[in-house]
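Biologist: I am new to this structure, so could we go through it step by step, beginning with the terms we shall need?

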Amino acid sequence: MARKRLIIEMGMGVDQHGQEPTVAAARAVRNAIAHNALPGVWEVAGLNHPNKMIVEVQVGVPYPDQVRQEEVLAVLPFGRKSLSVEQGGMVVQGRAIAELEDKNDEMLIAVASVTVWVDI
């Protein structure tokens, strides 16, 4: 079956304290989908349930090997989901605060692209 892209959304996420690339990646995905409504899924593509969407996520984040992929995909409420994590984003020097259990002074910034496909 052939597929067509319905929408592509981009987002950014930051973990200022904790140095968790998973947190930054999940926030980037959440930011990408935060202000979307997808009536085209029903009105144009003719799907009868949002789980029939194909949702492909690509994230660029520091320390990609540390990302817990299932936690990032859990941000998405619907769809047949997949995730590609790659080296990217930024590491910015912040301020380590002991009470926040910082490991160091790094702030991790992730970027995400979320693409919704439909089968035609």
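Modeller: Before we turn to the pocket, one definition is needed: Ala, Val, Leu, Ile, Met, Phe, Trp, Tyr, Cys and Pro count as nonpolar, Asp, Glu, Lys and Arg as charged, and the others, Gly among them, as polar. Please also keep in mind that this is a predicted model.

Biologist: How many residues in the lining of the largest pocket are nonpolar?
Modeller: The largest pocket, which holds about 280 Å³ of space, is lined by 14 residues, and I33, L38, M53, P77 and F78 lie nearest its centre. The elements that give two or more residues to this lining are β1 (3-15) and β5 (106-119). By class, one lining residue of the largest pocket is charged and one is polar, while the nonpolar ones number twelve.

Biologist: Why does V111 count as partly exposed?
Modeller: V111 has its place in strand β5, and among the residues that V111 touches, leaving aside those up to four places away in sequence, are M12, A28 and Q58. Partly exposed covers what lies between buried, under 20% relative accessible area, and exposed, over 50%. V111 is therefore partly exposed, because its relative accessible area is 43%.

Biologist: How far apart in space are V111 and M12, C-alpha to C-alpha?
Modeller: Along the sequence, V111 and M12 are 99 residues apart. In space, however, the separation of V111 and M12 from C-alpha to C-alpha is 4.5 Å.

Biologist: Which relative accessibility does N31 have?
Modeller: N31 sits in helix α1 (residues 21-33) and touches M10, G11 and M12, not counting residues up to four places away in sequence. N31 counts as partly exposed because its relative accessibility is 39%.

Terms used:
Residues are numbered from 1 along each chain as its sequence is written. This is a predicted model: local features need pLDDT of at least 70, side-chain atom pairs count only at pLDDT 80 or more; totals for chains, interfaces and linings use all residues. Side-chain values use heavy atoms; hydrogens and water are left out. On a 1 Å grid over the protein atoms alone, a cavity is a set of points where a 1.4 Å probe fits but cannot get out, and a pocket is an open set with protein on both sides within 12 Å along at least five of seven lines; lining residues have an atom within 4 Å of a point. Grid points are joined across faces, edges and corners, and a volume is the space filled by probe spheres set on the points. Helices (H or I, at least four residues) and strands (E, at least two) are DSSP runs, numbered from the N terminus. Buried means under 20% relative accessible area, exposed over 50%, partly exposed in between (1.4 Å probe, protein chains only). Contact means heavy atoms within 4.5 Å.
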